[in-house]
Amino acid sequence: MPDVGPLLKHWRGARRLSQLALAAEAAVSVRHLSFVETGRANPSRAMVLKLAEVLDVPLRERNTLLLSAGFSPEYPESALDAPSLAAVREALETILAQQEPFPALVMDRSWDIRHTNAAARRFFAFLQDGRPEKPPGPANVLRRMFHPDGVRRHVTNWLEVAEALVRRARREAIGGTADERARRILDEVLDYPGVPSHLRVVDVTAPVLPIVPIRYERGDRRFDYFSTVTTLGTPQDVTLQELRIECFFPMNDETREHARELAERSGT
């Protein structure tokens, strides 16, 4: 495991802070911070946590910083089905149910889909109807959007959506929330047949629209959605911090009508 000094320097660079700016915000001397980053001084547990807080380091990586400094982890990582997270699971189910009859899902930092509402299951089953093939591995947002056997063939503005997803995944990797598995999955989907090579060099710093519409089409039905991503506020558990709730909202009456038709056909 790398020493804590270089890790702190990495996070300072990722947040584009000078030693002077970080020292001022963390209320430590620039000299001591410099000594910590170069390994000439060992930070206390409290200082590691303070610097991590100022740098807005994700909880998983805060535990890594503590371990690198010789301390035990601060934040637990619970299984989502653990009894201690029962209230959180109930809250997630409520959020997903409130989104009906429009799709909503919960994903983790590897983009694996952990939960969906009934509308999402109906909608993606409708798009997949008649095609038994599915993307490989567990249900995953990136694989579903990029794989030839996923929903790609039904997204009429696929290239626009794909570029937005790549930017988002790359930015998360820079911010430190994406794990190695997420990076491998992104590399995997960029190698799928029909994926343009220029997506590998998308400029993550380029400005993007705050809302990217996703336009689906199957047969004579069109669905125009935009989505929002929500995270849980002030989590103290690694698993909870890494969850993201994505809700799809209709952009026109046609989409609302088709979504309700799918719900009525399923008896919900």
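**Exercise 1. Determine whether arginine 122 is buried or exposed in this predicted model, and identify its salt-bridge partner.**

*Solution.* Begin with the accessibility: arginine 122 has a relative accessible area of 13%, and because the cut-off for buried is under 20%, arginine 122 counts as buried. Next, look for a carboxylate partner, which turns out to be glutamate 100, with the closest N and O atoms of the salt bridge 3.0 Å apart. Then place both residues in the chain: glutamate 100 belongs to the loop between α6 and β1, while arginine 122 sits in helix α7, so the pair ties together parts that are 22 residues apart in sequence. Finally, compare the surroundings of the partner, since glutamate 100 is partly exposed at a relative accessible area of 29%.

**Exercise 2. Describe the largest cavity: how much space lies in it, which residues line it, and how do these residues divide by character?**

*Solution.* The structure holds one cavity of 30 Å³ or more, and about 40 Å³ of space lies in the largest cavity. Its lining consists of Pro101, Pro103, Ala119, Arg122, Phe123, Phe223, Tyr225, Ala259 and Leu262. Assigning these residues to secondary structure, one finds that α7 (118-128), β4 and α12 (253-266) are the elements that give two or more residues to the lining, with the largest share, three residues, coming from α7. Sorting by character then gives eight nonpolar residues, no polar ones and one charged one. Arg122, listed in this lining, is also the salt-bridge partner of glutamate 100.

**Exercise 3. Examine two further salt bridges, those of glutamate 74 and arginine 222, and state which residues are buried and which are partly exposed.**

*Solution.* The count of salt bridges in the model comes to 18. In the case of glutamate 74, the partner is arginine 45, and the closest N and O atoms are 2.7 Å apart. This pair links distant parts of the chain, glutamate 74 lying in the loop between α5 (59-68) and α6 (86-98) and arginine 45 in helix α4, 29 residues apart. Both members are partly exposed, glutamate 74 at 38% relative accessibility and arginine 45 with a relative accessible area of 24%.

For arginine 222, the side chain meets that of aspartate 224 in a salt bridge with an N to O distance of 3.5 Å. Here arginine 222 is partly exposed, with a relative accessible area of 27%, whereas aspartate 224 counts as buried at 6% relative accessibility. To complete the account, salt bridges that share partners join Arg60, Glu61, Glu77, Arg109 and Glu242 into one network.

**Exercise 4. Work out how strand β5 is paired and how far it is covered.**

*Solution.* Strand β5 spans residues 244-250 and is mostly covered, six of its seven residues being buried. Consider β1 (residues 104-107) as a partner: four bridges join β1 to β5, and the two run antiparallel, with alanine 104 standing opposite cysteine 247 in β5. Turn then to β4 (residues 221-230), which is joined to β5 by six bridges and is likewise antiparallel to it; in this pairing valine 229 stands opposite glutamate 246.

**Exercise 5. Find the buried residues of helix α3 and the helices against which they pack.**

*Solution.* Within α3 (residues 30-38), the buried residues are Leu33, Phe35, Val36 and Glu37. Tracing the contacts of these buried residues leads to α1 (4-14), α2 (19-26) and α4 (45-54). As a last step, follow the chain beyond the helix, where glycine 39, just after α3, takes a positive phi of about 85°.

Conventions: Residues numbered from 1 in each chain as written. Predicted model: local features only at pLDDT ≥ 70, side-chain atom pairs only at ≥ 80, totals over all residues. Heavy atoms only, no water. Buried < 20%, exposed > 50% of the residue type's maximum accessible area, 1.4 Å probe, protein only. Pairing = 2+ DSSP bridges. Contact = heavy atoms within 4.5 Å. 1 Å grid on protein atoms, 1.4 Å probe; cavity = no way out; pocket = protein on both sides within 12 Å on 5 of 7 lines; lining within 4 Å. Points joined across faces, edges and corners; volume = space filled by probe spheres on them. Nonpolar A, V, L, I, M, F, W, Y, C, P; charged D, E, K, R; others polar. Salt bridge = Lys/Arg side-chain N within 4 Å of Asp/Glu carboxyl O.
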